[in-house]
Amino acid sequence: MTSIDTVLREVLVTPKEEQACLELWFKDKSVNENVRRGVENSLTKISEALGKLAALKKEDDDSKKDSPANL
């Protein structure tokens with residue numbers, strides 16, 4: 001099981017990666033494909049992390065439904 005803190009750490013790294021890709025692009029316009037791949041990877045990581053957070057939220061909601069106080 002993945003903790004929310006772990007998922008959030010994954011998401012926080014991606015803007016730094018995007019920034020590094022864009023800085024590279026500003027210095028050298030010939031690296032367009034590398035920048036595109038870097039940003040695409042970053043967005044994929046964010047999307048995956050959001051999916052993990054949604055799953056964790058669902059697990060949390062389901063566990064609250066099944067708790068003895070709610071039965």
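## Asp61 and its partner

At a relative accessibility of 29%, Asp61 counts as partly exposed. The value comes from a predicted model. Asp61 does not count as buried, because its 29% is not under the 20% limit for that class.

The side chain of Asp61 meets that of Lys57 in a salt bridge, with 3.1 Å from N to O. This pair satisfies the criterion because 3.1 Å is within the 4 Å allowed between the nitrogen and the carboxyl oxygen. Both residues belong to helix α2, where Lys57 and Asp61 are four residues apart, about one turn of the helix. Lys57 is likewise partly exposed, with a relative accessible area of 48%. That places Lys57 in the intermediate class, because 48% is not over the 50% that exposed requires.

## Overall architecture

The chain contains two helices and zero strands. Helix α2 covers residues 32-66. The chain has 71 residues, of which 14% count as buried.

Among contacts in the chain with a separation of 6 or more, 66% are between residues 24 or more positions apart. The chain exposes about 5500 Å², and carbon and sulfur atoms supply 60% of this area.

## Salt bridges between residues 33 and 40

Side chains of opposite charge can pair when their charged atoms come close. The whole structure holds five salt bridges. One network of salt bridges links Glu33, Arg36, Arg37 and Glu40.

Within this network, Arg36 and Glu40 meet through their side chains at 2.7 Å, N to O. Arg36 and Glu40 are separated by about one helical turn because they are four residues apart in helix α2. Arg36 is partly exposed at a relative accessible area of 40%, and Glu40 is partly exposed at 43%.

Arg37 forms a salt bridge with Glu33, and the closest N and O atoms of this pair are 3.6 Å apart. Arg37 and Glu33 also lie in helix α2, four residues apart, or about one turn of the helix. Arg37 has a relative accessibility of 39% and counts as partly exposed. Glu33 is partly exposed too, with a relative accessible area of 39%.

## Ser42, a buried position

Ser42 is found in helix α2. With a relative accessible area of 0%, Ser42 is buried. The assignment follows because 0% is under the 20% cut-off for buried residues.

Which residues does Ser42 contact, leaving aside its neighbours within four places in sequence? They are Thr14 and Glu18. Val11 is 31 residues from Ser42 in sequence, and the C-alpha atoms of Val11 and Ser42 are 8.6 Å apart in space.

Notes
Residues are numbered from 1 along each chain as its sequence is written. This is a predicted model: local features need pLDDT of at least 70, side-chain atom pairs count only at pLDDT 80 or more; totals for chains, interfaces and linings use all residues. Side-chain values use heavy atoms; hydrogens and water are left out. Buried means under 20% relative accessible area, exposed over 50%, partly exposed in between (1.4 Å probe, protein chains only). Contact means heavy atoms within 4.5 Å. Accessible areas come from the Shrake-Rupley method with a 1.4 Å probe; for residues, only the protein chains shown count as cover.
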